[in-house]
Amino acid sequence: MKLSFITALFLVGSCTTLRYTERIENIKNNIVFEQPEIIKSHLNTIKVIDLKMIVSELASEKYEGRRAGQKGHQMTCDYLKNYYKEQGIAPPENAPDYAQIVPSTYLPSEYGDSENVIAYIKGEEFPDEHVIIMAHSDHEGIIDGKIYFGADDNASGTAAVLEIAQAFQIAALNGYKPKRSIVFLHVTAEEIGLQGSRYYTENPIFPLEKTMAVLNIDMIGRTDFKHEENDQYLYLIGVNRHSTELPFIAEKANEFSTKLDLDYRYNDENESNRYYYRSDHYNFALKDIPVIFFFNGEHADYHKPTDTEDKINYQLLEKRTQYIFTTAWYLANMNHYLEANLIR
Ligand SMILES: [Zn+2]
């Protein structure tokens, strides 16, 4: 019997659909956490006591609210560099002092130059490919004589990056070097328009074509108005924009590790708060790089001098940091390069 034209069209249509669903299933089934005990033992090196020490330091008066281009922020950069030196984590070969100078032309006219701070652990199998773990190091500084401490924004994210770096370094020293390189990037001048990340993406220290994914951590130590009942959550934003595979990895890492309630309500590009456009991952997303923005949402002390260290929930910060570490571990050690968006 001759196949009618309409039937033929229908069959072609359903085959394409099936192929797409099958491919999605394959992607999902391919995500297996190898060496689970190794991941778990290193995830457990991320601890409340260390996170508290870092946040308390950076959100103290000494750093004067870490305004990009000013003394308190330069001291923050020096703190970060010393941390990496002490941990034995190397600077990039083309930024031997861990610093990328962001010229004053990127900052308001009254400021001098500022710095992005960068360290990395070299991958063993695919050293040219890398995953970036990022947090902005600056905040608002002093306004009308008041210090804006920025404990949640973003001493919390900064502490998370440092603790994740330490966990990967301990793993490397224990003989578990990552397959891909891992870059720890502390960008400046987020609060004055994502300028440090813009400068980095215009002048990348590691080639953007080999930047497999960017994990941006900006405010993860508090609870927002919407989660006063259940604080075991984290917002994920941007996760499905440039890779079909990345959302499945983010979910699996969570199941494997800390089982937070992953909340996607701000992931919609048209969401009225427009968070997707408001932190440093956005400059990477503009270059078609898969990103995840990890975020706890806004609270009463957001961008106020009252965003202080004593209000950080350190148990929660520990859990969220462990979760992000697990996601990064998987990305750095997976056998294939992250799949871009599948076409239906
Ligand atoms: Zn921030």
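**View 1. An open sheet built from eight strands.** In this predicted model, the strands line up in the order 1-2-6-3-7-10-8-9, with mixed pairing. Strand 1 (99–102) and strand 9 (261–263) sit at the edges, each with a pairing partner on one side only. On average, and ignoring direction, neighbouring strands here are turned by 25° against each other.

**View 2. Strand 7 meets strand 10.** Here we zoom in on residues 211–217 (strand 7) and residues 291–295 (strand 10), which run parallel and are joined by four bridges. Look for Asn-216: the residue opposite, in strand 10, is Phe-293.

**View 3. Helix 7 packs on the sheet.** Residues 246–256 make up this helix, and they touch strand 7, strand 8 (233–237), strand 9 and strand 10. The direction of helix 7 makes about 155° with that of strand 9. Which residues of helix 7 are buried? They are Leu-246, Pro-247, Ile-249, Ala-250, Ala-253 and Phe-256. Their cover includes the four strands just named, 7, 8, 9 and 10, plus helix 9 (314–333).

**View 4. The largest nonpolar core.** In soluble globular proteins, nonpolar side chains tend to be buried together. This core has 93 residues, and those touching the most other members are Ile-133, Ile-164, Ile-182, Phe-184, Leu-215, Phe-294 and Ala-328. Helix 5 (residues 151–173) supplies the largest share, eleven residues.

**View 5. Around Ile-182.** Setting aside neighbours within four places in sequence, Ile-182 is in contact with Tyr-120, Ile-121, His-130, Val-131, Ile-133, Phe-168, Ala-328 and Ala-332. Two of these contacts, Ile-133 and Ala-328, also appear with Ile-182 among the core residues that touch the most other members.

Methods
Residues are numbered from 1 along each chain as its sequence is written. This is a predicted model: local features need pLDDT of at least 70, side-chain atom pairs count only at pLDDT 80 or more; totals for chains, interfaces and linings use all residues. Two strands pair if DSSP finds at least two bridges between them. Helices (H or I, at least four residues) and strands (E, at least two) are DSSP runs, numbered from the N terminus. Axes are lines fitted to C-alpha atoms, for helices over the stretch in contact, and angles run from 0 to 180 degrees between N-to-C directions. Two residues are in contact if their C-beta atoms, placed from the backbone, lie within 7 Å. A nonpolar core is a set of buried Ala, Val, Leu, Ile, Met, Phe, Trp, Tyr and Cys residues joined through C-beta atoms within 7 Å. A residue is buried if 20 or more other C-beta atoms lie within 10 Å of its own, exposed if 12 or fewer, and partly exposed in between; C-beta atoms are placed from the backbone.
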